[in-house]
Amino acid sequence: MGPKFMRVSLPKTVTACLIGLAMLCSSAALGQDVQMVPDQQDRDSANKSQQTKDDDQEQTPTETLKVNVNVVQLFFNVKDKKGGLIPNLPKEKFQLLEDDKPQTIKYFSAESNLPLTLGILIDSSGSQERVLGMEQEVGGAFLSQILRQKDIAFVMDFNIGVSLLQDFTSNTRRLKDALNSVKVNTGGQVGSIPGMGGGPVPTAGVPKGTLLYDAVYLASHDQMGQQVDRKAMILLTDGQDQGSQYKIKDAIEAAQKADTIVYVLLCADRSAYFGFGMGYSGDSEMKKMTAETGGRVIDVGSKPEKLKAAFDQISQELRSQYYIGYVPTNPVKDGGYRKVEIKSEDGYKIQARSGYYAVPEKQ
């Protein structure tokens, strides 16, 4: 005897649903497009979502600084009267001026998470003999502390020449090795260092002395000028230049054109080296360089604990930067210098570069 089947009577609403499902499956099987028409509530929700997305894009910069060729980007710190960092202020607390004319802030972030591009420039002239070991040890620890996964850095030294010891890398071991390879050089040519990323950076004539300004110029022009995102250089030096081909104004201009903040850690055993009829005047020029690029000078002398504290301060500042981007009301790119000023509504001190050069884009 074969199996028996029972007839089941379904309600009309269920029957209609099954018929609709069958038609849908049939259309899919035939490769036809089935269009679902949204109701008014769906449309309103979608429009609201897109508006929110557009607003977010207006306030937040993209992952790199290639937002727009006409956008000027500034990274800066906000400090109270005692030098303490002030975080998390809203865009409305700032005014932006270019050549004393108000500008509209197009992009803003109270905390920049963009990758960091860092340069360590270490003075290896004769005056640094007693502090070089301290700089290498504390500087190496700083690199381990500051660099994150997407960050990159290079190491350069300068004395009677300028040498790139380690090109851009995120490998802290290579950077430390480069830093530890530095030796005081007071005479002769600086030769290349095999395996350390390129040897000397050419300088015309290579005059005897301490080529500090040449180092800043070359690091800005040849290294930082090719990079995007946040950029900063830290100089470990006594601040004394002797024999550079470039002048301080050339070094400052190169750093500004490369959008690079310059910090200077004044390291010197002055009682030992500058006490024999040699005058010391490097700090005033270094203050000028750092003020115009958005950094600052920290005098550490020959004390390791002061150097570590200085590196800690720089680390905090670089991780607490505000970001502003704007399209200047003056669109002409004639290569001229534009003065930029950020003002705090609450009267806080703004640590930022003083301007930029309106350089035409490379074709």
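**Exercise 1. Determine the strand order of the open sheet of 4 strands in this predicted model, and explain why S4 and S14 each have one side without a neighbour.**

*Solution.*
Step 1. The strands of the open sheet follow the order S4-S12-S1-S14, and their pairing is antiparallel.
Step 2. S4 (105-109) and S14 (349-351) stand at the edges; each has a single partner strand, so one side of each lacks a neighbour in the sheet.
Step 3. On average, neighbouring strands here are turned by 30° against each other, direction ignored.
Step 4. Within the sheet, S1 (residues 72-79) and S12 (residues 322-326) run antiparallel and are joined by 5 bridges. Gln73 stands opposite Gly325 in S12.

**Exercise 2. Establish how many residues of strand S5 are buried, and which strands pair with S5.**

*Solution.*
Step 1. A residue counts as buried when its relative accessible area is under 20%.
Step 2. In S5 (residues 116-123), 8 of the 8 residues are buried, so this strand is largely enclosed by the rest of the structure.
Step 3. Leu116, Leu118, Ile120 and Ile122 point one way from S5, while Thr117, Gly119, Leu121 and Asp123 point the other way; all are buried.
Step 4. S5 pairs in the parallel sense with S9 (residues 230-237) over 7 bridges, and Thr117 stands opposite Lys231 in S9.
Step 5. S5 also pairs in the parallel sense with S6 (residues 152-158), over 7 bridges. The bridge partner of Leu121 in S6 is Met156.
Step 6. From S5 the chain crosses through helix H3 (residues 132-146) to S6, a right-handed β-α-β crossover.

**Exercise 3. Identify the residues with the most contacts inside the largest nonpolar core, and the element that gives the most to this core.**

*Solution.*
Step 1. The largest nonpolar core has 33 residues, and those with the most contacts inside it are Leu118, Ile120, Ile234, Leu265 and Leu307.
Step 2. Elements that each supply at least two residues of this core include S5, H3, S6 and S9.
Step 3. H3 gives the most, with 6 residues.
Step 4. Beyond its neighbours within four places in sequence, Ile234 is in contact with residues including Leu118, Ile120, Phe142, Leu265 and Phe311.
Step 5. Another core, of 29 residues, lies apart from the largest one; among its members are Phe154, Leu211, Ala258 and Met286.

**Exercise 4. State where the pLDDT is below 50.**

*Solution.*
Step 1. The protein has a mean pLDDT of 80, and 71% of its residues reach 70 or more.
Step 2. The pLDDT is below 50 over residues 1-43 and over residues 202-207.
Step 3. Where pLDDT is low, the predicted coordinates should not be read in detail.

Conventions. Residues numbered from 1 in each chain as written. Predicted model: local features only at pLDDT ≥ 70, side-chain atom pairs only at ≥ 80, totals over all residues. Heavy atoms only, no water. pLDDT = per-residue confidence, 0-100. Contact = heavy atoms within 4.5 Å. Buried < 20%, exposed > 50% of the residue type's maximum accessible area, 1.4 Å probe, protein only. Pairing = 2+ DSSP bridges. Right-handed = clockwise from strand over helix to strand, strands pointing away. Core = buried A, V, L, I, M, F, W, Y, C linked by side-chain atoms within 4.5 Å. Axes fitted to C-alpha atoms, helices over the stretch in contact; angles between N-to-C directions.
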